[in-house]
Amino acid sequence: MSVENVPEVPQIEFGEEVADIRKTAIDPNFWYPIARSKDVKRGKTRAVSFSGESIVLVRPTKGKLFALENRCAHRQVPLDIGKVSGCTIKCGYHGWEYDANGDCISIPYLDARKTTRNNVKHYPSKEAYGLVFIFPGDIDKATDETFPNVPSATNPKYKTRYLDRTVDCHYTFMHENLMDMNHQFLHRKLMGGIKTMFLGMRHGSNWFESDYTFTRATGSQPLGEKFMLGDRPKAAPGERDLMTIRTEYPYQTLKFWTAGSEEPALDLWNIYVPIDKENRKNHTFGLMMIRRPKISLLLDIFWPFIVWFTNGIFKEDRIICELEQNAFDNQGSDLNNEVFPAIKGLRKVLIENGVAPNTPNTN
Ligand code: FES
Ligand SMILES: [Fe+2]
């Protein structure tokens, strides 16, 4: 990015918002991570939740993990308290047995299983990048083409840190928090006096992205950031760091190129999965991929420090987003007075690709 090429912040009119963004539910017709693979042990179950739907993940004693609605068709008790048996799950109460499709294949005390009333819903599931993904929407749309592609997560040149935490706020606050790099003031204790410069934005019907660069107004580069970004190639005159943040519904990415480098030093992939029906809590899953320096071992040595530093940043973001949610809960509607065009445009993408309030769930 050339210094001479810094544009003015454009004043684009994105039009009226058609719905309250904080009452807009997430579209279930995407692949969503719902757990870390390591947290679903062989022969065990794990209860998870997507937008108020209780789901049981089952890792059979042999074969692939599967996901079912977490409810026995008999007396509605959760299936996660059941017993994994080979490649099926038996309800913990009377032992009705379900296969990976949610079909009841055995009622141990009666031969009355051949009715769909005895079955439960199943969710397409896949494991990748150390995460369990499910497709909570229309099963016909659960194709391989729609599965998230995160190349750096399988690239040995990068080391991956997993983000795995719950934040008590609507998923849209999270998108806005990351897209709006003007909030570095929040991180002033950890980041020091860093100055953000907005370089430009691009958008389409289901995506929005912004570019930034940074200068240090006061103080020196914090050690955590230094370890994360590693040894930098020499920048040509006029070259500068570039950060691009992109929401491609419903996922969000952040890439950071140090001046003069071809590949990002930091490549972040995030998704904020609503837990409750009102989407007021989310489970944030992320893959934070950091490019290995020439002396690769250095990254492993400094890893605990990077974890400490990023935990500090994420904690500040979590607290502020939860305070935004509190304000919404007290006020009953979204009264945010947004002035930054990139966030206005992002909000439009999130509203138009989400499920408007009062739309019946047809899944
Ligand atoms: S409640 Fe599940 S088998 Fe009876
Ligand atoms: Fe932040």
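A contact here means heavy atoms within 4.5 Å, and a few notes on this predicted model follow.

1. **Ground rules.** This is a predicted model, in which local features need pLDDT of at least 70 and side-chain atom pairs count only at pLDDT 80 or more, while totals for chains, interfaces and linings use all residues. Residues are numbered from 1 along each chain as its sequence is written, chains are lettered from A and ligands numbered from 1 in the order in which they are written, and side-chain values use heavy atoms, with hydrogens and water left out.

2. **The chain overall.** Among contacts between residues at least 6 apart in sequence, 62% join residues at least 24 apart. The protein chain has 5 helices and 18 strands; these are DSSP runs, helices being H or I with at least four residues and strands E with at least two, numbered from the N terminus. Of the 363 residues, 48% are buried, where buried means under 20% relative accessible area, exposed over 50% and partly exposed in between, using a 1.4 Å probe and protein chains only.

3. **The iron site.** Which protein atoms hold the iron ion (ligand 2) as donors? They are NE2 of H183, NE2 of H187 and two OD atoms of D317, at 2.1 to 2.4 Å. Donors are N, O and S atoms within 2.8 Å of the metal (3.2 Å for Na, K and Ca), and water is not among the atoms, so sites may look incomplete. The spacing in sequence reads H-x3-H-x129-D, and both H183 and H187 are buried.

4. **Its geometry.** Angles among the 4 donor atoms run from 57 to 146°, and the site is irregular. Four donors would count as tetrahedral if all angles lay between 85 and 135 degrees, or as square planar if opposite donors were over 155 degrees apart and all others between 65 and 115; six count as octahedral by that second rule, and anything else is irregular.

5. **Helix α1.** Take a look at residues 171-179: 9 of the 9 residues in α1 are buried. Among them are Y171, F173, H175 and E176.

6. **N101.** This residue sits in the loop between β7 (97-98) and β8 (104-106). Why is N101 classed as partly exposed? Because its relative accessibility is 45%. Leaving aside residues up to four places away in sequence, N101 touches L68, V120 and H122. Y123 is 22 residues from N101 in sequence, with 8.2 Å between their C-alpha atoms.
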